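Grab a coffee and open the structure in your viewer. Here are a few exercises to work through, each with a solution you can follow step by step.

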Amino acid sequence: MLTETVAGRTYDYSHNVGQGASSGPGFYFGVDLALGVDGVAYVLNRGNGAGLGQRVSVLNLGSRAGEEEYIGEFGSFGDGAGQFIWPAGIAIDSQGTVYVSDAWLNRVSAFDKDGNPLSCWDAVQSGDDGPNGISGIAIDCEDTLYITDGRSHRVRKFTTDGRLLGSWGRKGSGKGELDSPWGITVDREGFVYVTDNRNHRVQKFTTGGDYVAQFGQPGAKKGKLTWPNDAAVDPEGDVYVCDWSKNAWGLGLVQIFDAQGRFLTSLEGDAQQLSKWGQMTVNANPDYMKRRREVRSTEPEWTFAQPTAVVFDAANSRLLVMDTQRSRVQIYNKLSGYLVPQLNL
């Protein structure tokens, strides 16, 4: 369904951006993305695990299909300055500084907006009980960093230069307890949302770690969650949960809840057309075109394949979904005043 209206909201599929590429235009197992100033997007690529493709891709998304523009990339595989082993999350502060978390090195690397390395620091403090494995990273309006640790089942708060401000969480399934937390985001009011991966839910906390609410429950049906890995919140308070695992509708969903936790709808992926870069690749390789014309249907490739990140672009009122296994970002506009009154009930 390219356009869906539910509870006064309309989600309208726009287009997708990307293609598989170990360097240059495209993504290589993109696992997270963040928005900088002037519409610039930074996509974090995990690579193939063997030292190929670990980088940050920089691009202008544009407003519609065909307007995307590749700007460049930075970072590489390794444990030196400006390098990554197992990049996990990316966030950008109010000054445009880019922060990347590394789950293997348990450190955060900082870059300026052009990709020049600035600093790196440990996200696990001396004496902290192990094992550790940091993952998601988010930043609030006061430039405080929040980082999940999926192996110690905690959330830590840092200044941008790596000074620990506090932490919360312990392993468990009760309110406020965590089991392998993954993604993290902060809404406009300063509440922190943590994707509680193995508890199959998202929990909402205050900045001090006090439990506020839960979104979703375990299950494979729409409205239920199975291995959620990221969340986003729009200015109206609607919550978008990236649900990574295979289910009856494909290889991943984005589940949408209102601010009170009521399930609204699911997005399954709607990429019926190739991206600009993908189409260019097909056009340049006649055998690719032949193989595509020989299949019964391209419909299986429309859907998400293990998406790992979701971001709401408030400036353009649109949802960006990192469709990891298909090396692209699928984009949905959230429309207001959609002219089908009988559906806006």
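**Exercise 1. Work out how much accessible surface the protein has, and how its overall build looks.**

Solution. Keep in mind that this is a predicted model.

- Step 1: Start with the outside. The accessible surface of the protein comes to about 15,200 Å², and carbon and sulfur atoms account for 48% of that.
- Step 2: Now the inside. Of the 345 residues in the protein, 54% are buried.
- Step 3: Count the secondary structure: there are two helices and 27 strands.
- Step 4: Check the compactness. The radius of gyration is 19 Å, close to the 20 Å that the globule rule gives for 345 residues, so the protein is as compact as a globular protein of that length.
- Step 5: Put a box around the C-alpha atoms. Along the principal axes, they fill roughly 60 × 50 × 35 Å.
- Step 6: Look at the contacts. Take those between residues at least 6 apart in sequence: 47% of them join residues at least 24 apart.

**Exercise 2. Find which residues of helix H1 are buried, and say what covers them.**

Solution.

- Step 1: Go to residues 276-283, which make up H1. The buried residues here are Trp277, Gly278 and Val282; the cut-off for that label is under 20% relative accessible area.
- Step 2: Ask where they sit around the axis. They span an arc of only 140°, which means they are on the same side of H1.
- Step 3: Bring in some helix geometry. An α-helix has 3.6 residues a turn, so residues three or four places apart point the same way.
- Step 4: Turn to the face of H1 that looks away from the buried side. Met280 and Asn283 are exposed there.
- Step 5: Identify the cover. Over the buried residues of H1 you'll find, among others, strands E2 (9-17), E5 (55-60) and E6 (69-74), along with helix H2 (286-294).

**Exercise 3. Trace two open sheets, E13-E14-E15-E16 and E21-E22-E23-E24, and pick out their edges.**

Solution.

- Step 1: Take the sheet E13-E14-E15-E16. Its four strands pair in the antiparallel sense.
- Step 2: Find its edges. Strand E13 (134-139) and strand E16 (164-168) each have a single partner strand, so one side of each is left without a neighbour in the sheet. From one strand to the next, the twist averages 20°.
- Step 3: Zoom in on one pair. Four bridges link E13 to strand E14 (residues 145-149), and Ile139 stands opposite Leu145 in E14.
- Step 4: Move on to E21-E22-E23-E24, an open sheet of four strands with antiparallel pairing. Strand E21 (228-233) and strand E24 (263-267) are at the edges with a single partner strand each, so each has one side without a neighbour in the sheet. The twist here averages 20° from one strand to the next.
- Step 5: Zoom in again. Strand E23 (residues 253-257) runs antiparallel to E24, joined by four bridges. Ile256 stands opposite Thr265 in E24.

**Exercise 4. Place Asn106 and Ser317, then decide how exposed each one is.**

Solution.

- Step 1: Asn106 is in the loop between strand E10 (98-102) and strand E11 (107-111). Its phi is positive, about 50°, although Asn106 is not a glycine.
- Step 2: The relative accessibility of Asn106 is 14%, so Asn106 counts as buried.
- Step 3: Ser317 lies in the loop between strand E25 (309-313) and strand E26 (318-323). This non-glycine residue has a positive phi of about 45°.
- Step 4: With a relative accessible area of 27%, Ser317 is partly exposed.

How values were computed:
Residues are numbered from 1 along each chain as its sequence is written. This is a predicted model: local features need pLDDT of at least 70, side-chain atom pairs count only at pLDDT 80 or more; totals for chains, interfaces and linings use all residues. Side-chain values use heavy atoms; hydrogens and water are left out. Buried means under 20% relative accessible area, exposed over 50%, partly exposed in between (1.4 Å probe, protein chains only). The arc is that of the directions from the helix axis to the C-beta atoms. Contact means heavy atoms within 4.5 Å. Two strands pair if DSSP finds at least two bridges between them. Axes are lines fitted to C-alpha atoms, for helices over the stretch in contact, and angles run from 0 to 180 degrees between N-to-C directions. The radius of gyration is taken over C-alpha atoms; the globule rule is 2.2 Å times the number of residues to the power 0.38. Accessible areas come from the Shrake-Rupley method with a 1.4 Å probe; for residues, only the protein chains shown count as cover.
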